[in-house]
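Here are my notes on the model, as numbered points. Please read them with the coordinates open.

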Amino acid sequence: MPTAKTNKTLGLLALAGLTPYEEKKGEEYMNEKQMTHFRLLLKAWRDQLRQEVDRTVHHMQDEAANFPDPVDRAAQEEEFSLELRTRDRERKLIKKIEKTLKRIDEDDFGFCDACGIEIGVRRLEARPTADMCIDCKTMAEIKEKQLQG
């Protein structure tokens, strides 16, 4: 029986109980079957993240202790700080997942925001919240690096 710790190491498809989408010859891109596949994938990912957030809240409440030794107290505060930063990143990811689910509902999913071409089923399975094709994303990252350095 998998534990919550084990689920974190599994891929998104396994987490959602799905297999990679098999495209059929001549099948229209982002048809209803594909949209349903990605909707299930995103919802399973969102639910898993929400469970992690809830688990952290309970863990922090249960583990809160008043240590007399300043070193023990500092270690606990550092642990809590790391957990809170992780959960903050997960909350941002949940918002991005919600935005992507809304795009699916609006029939605006699977196409690059920059150039309008198909992102591709395999890329979307690897990164379901992607909103740019690999070429546009690469160019955006290069531009960002040039602006920074």
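1. Helix α4. This is a predicted model. In it, α4 runs over residues 70-105 and holds 36 residues. From first C-alpha to last, helix α4 reaches 52 Å. That is close to the 52 Å expected at 1.5 Å a residue.

2. The buried side of α4. Which residues of α4 are buried? They are Gln76, Phe80, Glu83, Arg87, Glu90, Ile94, Ile97, Thr100, Leu101, Arg103 and Ile104. Charged residues are on this list, including Glu83, Arg87 and Glu90. The packing partner of these buried residues is α3, residues 32-63.

3. Arg103. This residue of helix α4 deserves its own look. Its relative accessible area is 11%. The cut-off for buried is under 20%, so Arg103 counts as buried. Beyond its neighbours within four places in sequence, Arg103 is in contact with Asp108, Phe109, Phe111, Asp113 and Asp131. Arg103 and Thr129 are 26 residues apart in sequence, yet their C-alpha atoms are 10.0 Å apart in space.

4. Two positive phi values. Most residues other than glycine have a negative phi. Asp107 has a positive phi of about 60 degrees, although it is not a glycine. Asp107 follows α4 and lies in the loop between α4 and α5. Met30 also has a positive phi, near 55 degrees. Met30 sits in the loop between α2 (12-16) and α3. Are these two residues buried or exposed? Asp107 is exposed, at 59% relative accessibility. Met30 is buried, at 8%. Please check both backbones by eye.

5. Gln34. Helix α3 contains Gln34. Its relative accessible area is 0%, so Gln34 is buried. What does Gln34 touch, leaving aside neighbours within four places in sequence? The contacts are Tyr21, Glu23, Glu27, Glu28, Tyr29 and Val121. Three of these names are glutamates: Glu23, Glu27 and Glu28.

6. The annotated domain. An unreviewed UniProt entry gives "domain: Zinc finger DksA/TraR C4-type" for residues 108-138. In the model, this span is 35% helix and 0% strand. The end C-alpha atoms of residues 108-138 lie 22 Å apart.

7. The annotated cysteines. The unreviewed UniProt entry also carries a "binding site" annotation, which covers Cys112, Cys115, Cys133 and Cys136. These positions are spread over 25 residues of sequence, but they cluster in space. The largest C-alpha distance among them is 8.1 Å.

8. Cys133 and Cys136. Cys133 is in the loop between α5 (121-126) and α6 (134-148). Cys136 is in helix α6. How accessible are they? Cys133 has a relative accessible area of 5% and is buried. Cys136 is at 18%; the cut-off is under 20%, so Cys136 counts as buried too. Leaving aside neighbours within four places in sequence, Cys133 contacts Cys112, Cys115, Ile117, Ile119 and Arg123. With the same exclusion, Cys136 touches Cys112, Ala114 and Cys115. Cys112 and Cys115 appear on both lists.

9. The cavity. How many cavities of 30 Å³ or more does a search of the whole structure find? The search finds 1. Its volume is about 80 Å³. The lining is Lys96, Lys99, Thr100, Arg103, Phe109, Gly110, Phe111, Ile119, Thr129, Ala130 and Asp131. By type, the lining divides into 4 nonpolar, 3 polar and 4 charged residues. Arg103 and Thr100 are among the buried residues of α4, and both help line the cavity.

10. Ala130. This lining residue is in the loop between α5 and α6. Ala130 is buried, with a relative accessible area of 11%. Not counting residues up to four places away in sequence, Ala130 touches Ile119, Arg123 and Leu124. Ile119 lines the cavity as well. Phe109, another lining residue, is 21 residues from Ala130 in sequence and 9.3 Å from it in space, C-alpha to C-alpha.

Note on methods. Residues numbered from 1 in each chain as written. Predicted model: local features only at pLDDT ≥ 70, side-chain atom pairs only at ≥ 80, totals over all residues. Heavy atoms only, no water. Helix = DSSP H or I, 4+ residues; strand = E, 2+ residues; numbered from the N terminus. Expected span 1.5 Å × (residues − 1). Buried < 20%, exposed > 50% of the residue type's maximum accessible area, 1.4 Å probe, protein only. Contact = heavy atoms within 4.5 Å. UniProt positions renumbered as here; feature names shortened; annotations may be inferred. 1 Å grid on protein atoms, 1.4 Å probe; cavity = no way out; pocket = protein on both sides within 12 Å on 5 of 7 lines; lining within 4 Å. Points joined across faces, edges and corners; volume = space filled by probe spheres on them.
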